[in-house]
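Good morning, and thank you for making time for this presentation. I would ask you to keep the sequence and the structure in view while I speak.

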Amino acid sequence: MFRAIRPTSTLYRASALYKNAAVSSPARVSMAMNFARMYSAGAGLARSDVEKRVLDILAGFNKVDAKKISLKANFNADLGLDSLDTVEVVMAIEEEFSIEIPDKDADEIKSAEQAVEYISKRDDAH
Amino acid sequence: MATPASRSQVLALYRSLLHHSSKFAAYNFRDYAVRRTRDAFHAAKGEQDPAKIQSLIAHGEKQLEIVKRQSLISQLYGGEKLVVETKHQKILRRH
């Protein structure tokens, strides 16, 4: 007796499941798409943002005259920083943008503009 | 700094000393190492005697080995931060 009833009940349930599945499948697809994040997409820094942050770093140095700070200003000739101070400026930039600048590149950075130029070339800066 | 070679050598030494000094986990050692490095290099900035420069570089390299070793140990046993330390303190900017 029970066996006679069972097939109908499973049939009913199966159809119910099917119905639900049909209704919920679009929602499921969109959910799956939401979970697929594009990790590889680089954020990219806006140039104006980089410029502002580099100039802020310079402003943080007591030796630097705030009025003389500009993108074009040479660390040595215009801002009066010696080579040791320049090393510290470059290190502060490394810290700010979470990058490591190799020695030979660090020696090339002699103005805020060159620093901005270098950072915009580095994809891992943020 | 007599020759361009020793000049870039000194700057590289300065960079790595500051780099490793700022890695001490303990505030007091970190602050001391950074300050000591900075003061010593600025004090010897005008040195002209090549022999003296060479001995200073040799001394700095010895110190660098110590700083590397000790900052690593400091990181292994890093304890709690002091009250004066804030989360985003930029130690290299202050001078």
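Let me begin with a question: is B:Arg15 buried or exposed? B:Arg15 is buried, since its relative accessible area is 8%, and the cut-off for that class is under 20%. Please bear in mind throughout that this is a predicted model.

B:Arg15 also has a charged partner in the other chain. This arginine forms a salt bridge with A:Asp103, and the closest N and O atoms are 2.7 Å apart. The pair runs between chains, from helix H1 of chain B, residues 4-21, to helix H4 of chain A, residues 103-108. The two partners fall into separate classes of accessibility: B:Arg15 is buried at 8%, whereas A:Asp103 is partly exposed at 37%.

Before going further into the interface, I should address confidence. For the complex, the predictor gives an ipTM of 0.77 and a pTM of 0.72. Chain B has an average pLDDT of 87, and 87% of its residues score at least 70. Among the elements of chain B, the lowest mean belongs to H1, at 90, and the highest to helix H3, residues 50-76, at 95. Chain A averages 76, with 66% of the residues scoring at least 70. Within chain A, helix H1, residues 2-35, has the lowest confidence, with a mean of 51, while H3 has the highest, at 92. Over residues 7-12 of chain A, pLDDT stays under 50, and the model shows zero contacts for that stretch beyond four places in sequence. Where pLDDT is low, the predicted coordinates should not be read in detail.

Let me now describe chain B as a whole. Chain B contains three helices and zero strands, and the order along the sequence is α-α-α. Of its 95 residues, 32% are buried. Among contacts in chain B with a separation of 6 or more, 77% are between residues 24 or more positions apart. The chain exposes about 6100 Å², of which carbon and sulfur atoms supply 58%.

One residue illustrates the packing within chain B. B:Ser74 lies in helix H3 and is buried, with a relative accessible area of 12%. Leaving aside residues up to four places away in sequence, B:Ser74 touches B:Phe24, B:Ala25 and B:Ala26.

I turn next to the interface. The size of an interface is often given as the accessible area lost when the parts come together. Here, chain B and chain A bury about 1900 Å² between them, and 55% of that is on carbon and sulfur atoms. In terms of contacts, 16 residues of chain B meet 19 residues of chain A.

How many salt bridges does the rule find across this interface? The rule finds four between chain B and chain A, and a search of the whole structure gives 13 over all chains. Side chains of opposite charge can pair when their charged atoms come close. Besides the B:Arg15 pair, A:Glu88 forms a salt bridge with B:Arg38, with the closest N and O atoms 3.1 Å apart. A:Glu88 lies in helix H3 of chain A, residues 83-97, and B:Arg38 in helix H2 of chain B, residues 27-43, so this pair joins two chains. Both partners are buried: A:Glu88 has a relative accessibility of 0%, and B:Arg38 has one of 9%. Another salt bridge links the side chains of B:Lys45 and A:Asp82, at 2.9 Å from N to O.

Chain A also has salt bridges of its own. A:Asp49 pairs with A:Arg53, and the closest N and O atoms are 3.7 Å apart. Both residues lie in helix H2 of chain A, residues 47-59, four residues apart, or about one turn of the helix. A:Asp49 is partly exposed at 32%, whereas A:Arg53 counts as buried at 17%. In addition, a network of salt bridges links A:Arg47, A:Glu51 and A:Glu117.

Finally, a word on the record for chain A. An unreviewed UniProt entry carries the annotation "domain: Carrier" over residues 48-123 of chain A. Across that range the chain is 57% helix and 0% strand, and the end C-alpha atoms are 16 Å apart.

Thank you for your attention.

Key: Residues numbered from 1 in each chain as written. Chains lettered and ligands numbered in written order. Predicted model: local features only at pLDDT ≥ 70, side-chain atom pairs only at ≥ 80, totals over all residues. Heavy atoms only, no water. Buried < 20%, exposed > 50% of the residue type's maximum accessible area, 1.4 Å probe, protein only. pLDDT = per-residue confidence, 0-100. Contact = heavy atoms within 4.5 Å. UniProt positions renumbered as here; feature names shortened; annotations may be inferred. Areas by Shrake-Rupley, 256 points an atom, 1.4 Å probe, with all protein chains shown as cover. Buried area = accessible area lost by both parts, 1.4 Å probe.
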